[in-house]
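Visitor: I would like to go through this model with you, one point at a time, and hear the reasoning behind each answer.

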Amino acid sequence: MKFATKLIHAGAEPDPSTGAIMVPIYQTSTYVQSAPGKNKGYEYARSQNPTRKALEDALAIIENAKHALCFGSGVAATDAVIKLLQPGDEVIAASDMYGGTYRLFTKVFEKFGIKFLYTDTTKVDNISSLLSNRTKLVWLETPTNPLMNITDIAAVAAITGPRKILLCVDNTFASPYLQNPLDLGADIVMHSATKYLGGHSDSIHGCLMMNDQELRDQLYFIQKSCGAVPGPMDCFLILRGLKTLHVRMQRHCENGTKVAHFLRNHPKIEKVYWCGFEDHPGYAIAKSQMRDFGGMMSFTLKDDSIENANRVLSSTKVFALAESLGGVESLINHPASMTHASIPREERIKNGLSDSLIRLSVGIEDADDLIDDLNQAIG
Ligand SMILES: Cc1ncc(COP(=O)(O)O)c(C=O)c1O
C-alpha cells in the first residue's frame with residue numbers, strides 16, 4: 001500500500017463487538033477474566049489497551065517498522081530508550097536538539113552514571129572521534145529543533161551498525177511523511193506525537209518504532225514497568241490525527257516554502273534557517289533522505305536586539321505565541337526563553353542559538369494570510 005492508504009487504514013480494523021468503523025476509546029483500567037490467567041489478551045490497562053494497540057499497529061506501519069510502543073509524552077518515550085542503558089554507558093548526542101531532551105539527559109540521567117557527550121552530529125567524523133567501547137547509543141535529531149541542522153542518518157548508521165551501537169533518531173520535525181530513519185539504518189525512531197502525528201495541538205503523546213523483536217521486548221518491559229503510558233482518549237486523538245498526516249504535511253511543506261522565501265527576501269531579516277534552501281549546509285543530505293522540507297524554520301532579525309525580537313513575537317495575529325509545533329495552526333516561539341530555556345545560555349550561544357532567534361511552525365492556513373501577518377509584525 002502507498003503511504004496515504006496506509007495512513008487511513010493502518011490499524012483500523014472494525015471493532016469486533018459492534019462493527020464500529022472507528023476504534024473505540026476503551027476507557028477501562030482492567031479486564032474481566034473468566035478464570036485466573038484466562039483472559040482475552042488484556043489483563044490490566046498499564047500493560048495493554050485495545051485503543052493503544054490499534055495506534056501502535058498504525059504507527060509501526062507508517063514508519064515501515066515491525067513494532068511500535070506508545071508513551072505518555074515524547075520525553076517519556078526518550079526516557080524509556082535511556083533506561084535500556086547501564087551506569088558507565090556513554091551516549092553521543094547532538095549538541096543542538098530539543099531543550100527537554102537535553103534536560104532529561106543532563107539533569108535526570110547523568111546522576112545515574114550515564115555519560116552524555118554532545119557534538120555537532122552534522123559532521124559525522126565528530127561522532128567517530130567520540131566513540132569508545134562504552135558507547136552504547138547515538139541520539140540524533142534531524143532536522144534539529146530549532147536550527148534545522150541536518151545529519152546524514154545512513155552515514156551515522158554505517159558507524160554504529162557494525163559496532164552494535166544503538167542509533168535512535170528523533171523524527172518529530174520531519175514526521176514519517178518526510179523521512180523514515182529505520183529505512184536508513186536507524187534502530188529506533190522516536191516521535192513526539194504531540195506534534196505532526198497528532199497534528200491538532202490537543203494531546204501530549206510519544207512513541208518509539210523499531211524492527212528488532214528483542215529491542216521491542218526490552219522497551220515493552222520498560223513501558224509497562226515504569227508506566228508512562230498514554231490514556232486511551234489520547235491514543236484515539238493521535239489515531240484520528242494520523243489519518244490526515246499526508247494532506248496536512250503537504251500543505252505544511254507548501255506554506256513552509258512560501259514563508260521561508262518571503263522571510264529570506266525581507267530587508268529586515270538577517271538569516272533564515274530552513275533546510276529547503278539550496279545553500280543550506282545540509283541541503284544535499286536533506287534532499288536525499290527527506291521527501292520535502294517541511295514547515296519548521298527559524299530566523300533572526302537584522303536589528304538583533306531582544307527588544308526587537310520580543311516586539312515581533314508579540315505582534316503577530318495569526319501566528320500564536322506558544323510552545324510546541326506541528327499543529328494545523330501556525331505558531332511563533334522564542335526558543336531562548338521558551339522551548340530551549342533549560343539549556344544554559346553559554347551552551348545555547350556556542351551552538352548558534354542566539355537570544356533573538358525566532359522559530360516558526362508554519363501551519364496549514366492560507367499562505368497569503370501568514371505572510372501578511374509576518375510582514376505587519378516585522379514592520
Ligand atoms: C524535537 C522534539 N523532540 C521531543 C519533544 C518532546 O516531546 P513532548 O513534548 O511530547 O514530551 C519535543 C517537544 O517539543 C520536540 O520538539
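Visitor: Is Cys 275 buried or exposed?
Guide: This is a predicted model, and the answer rests on the computed relative accessible area of Cys 275, which is 0%. Buried means under 20% relative accessible area, so Cys 275, at 0%, is buried.

Visitor: How many disulfides does the count come to?
Guide: A disulfide is taken as a pair of cysteine sulfur atoms within 2.5 Å. For Cys 207 the nearest cysteine sulfur, that of Cys 70, is 5.8 Å away, and for Cys 275 the nearest cysteine sulfur, that of Cys 253, is 9.2 Å away. Neither Cys 207 nor Cys 275 is in a disulfide, and by this rule the count comes to zero.

Visitor: What is the relative accessibility of His 191, and in which strand is its place?
Guide: His 191 is placed in strand 6, which covers residues 188–192. His 191 counts as buried because its relative accessibility is 1%.

Visitor: Which residue has its backbone oxygen 3.5 Å from a polar atom of the side chain of His 191?
Guide: Leaving aside neighbours within four places in sequence, His 191 is in contact with a set of residues including Glu 63, Gly 74, His 205 and Cys 207. Cys 207 itself counts as buried, with 0% relative accessibility. The backbone oxygen that lies 3.5 Å from a polar atom of the His 191 side chain belongs to Asn 171.

Visitor: Which residue has an N or O atom in its side chain 2.8 Å from an oxygen atom of the ligand?
Guide: A backbone N or O atom of Val 75 lies 2.9 Å from an oxygen atom of the ligand, while a polar side-chain atom of Asn 145 lies 3.0 Å from a ligand oxygen. The side chain with an N or O atom at 2.8 Å from an oxygen atom of the ligand is that of Ser 192.

Visitor: How much of the ligand's accessible area does the protein cover?
Guide: The ligand is surrounded by 14 residues, which divide into four nonpolar, seven polar and three charged. Helix 3 (74–82) and strand 6 are the elements that give two or more residues to this shell. Of the 400 Å² of accessible area that the ligand has on its own, the protein covers 93%.

Visitor: Is Lys 111 buried or exposed?
Guide: Lys 111 is found in the loop between helix 4 (99–109) and strand 3 (115–119), and its side chain reaches the backbone oxygen of Lys 107 at 3.5 Å. Because its relative accessible area is 64%, Lys 111 is exposed.

Notes. Residues are numbered from 1 along each chain as its sequence is written. This is a predicted model: local features need pLDDT of at least 70, side-chain atom pairs count only at pLDDT 80 or more; totals for chains, interfaces and linings use all residues. Side-chain values use heavy atoms; hydrogens and water are left out. Helices (H or I, at least four residues) and strands (E, at least two) are DSSP runs, numbered from the N terminus. Buried means under 20% relative accessible area, exposed over 50%, partly exposed in between (1.4 Å probe, protein chains only). A polar contact is a pair of N or O atoms within 3.5 Å; within protein, one must be able to donate a hydrogen and the other to accept it, and residues adjacent in sequence count only if both atoms are side-chain atoms. Contact means heavy atoms within 4.5 Å. A residue is near a molecule or strand if one of its heavy atoms lies within 4 Å of it. Accessible areas come from the Shrake-Rupley method with a 1.4 Å probe; for residues, only the protein chains shown count as cover. Ala, Val, Leu, Ile, Met, Phe, Trp, Tyr, Cys and Pro count as nonpolar, Asp, Glu, Lys and Arg as charged, and the others, Gly among them, as polar.
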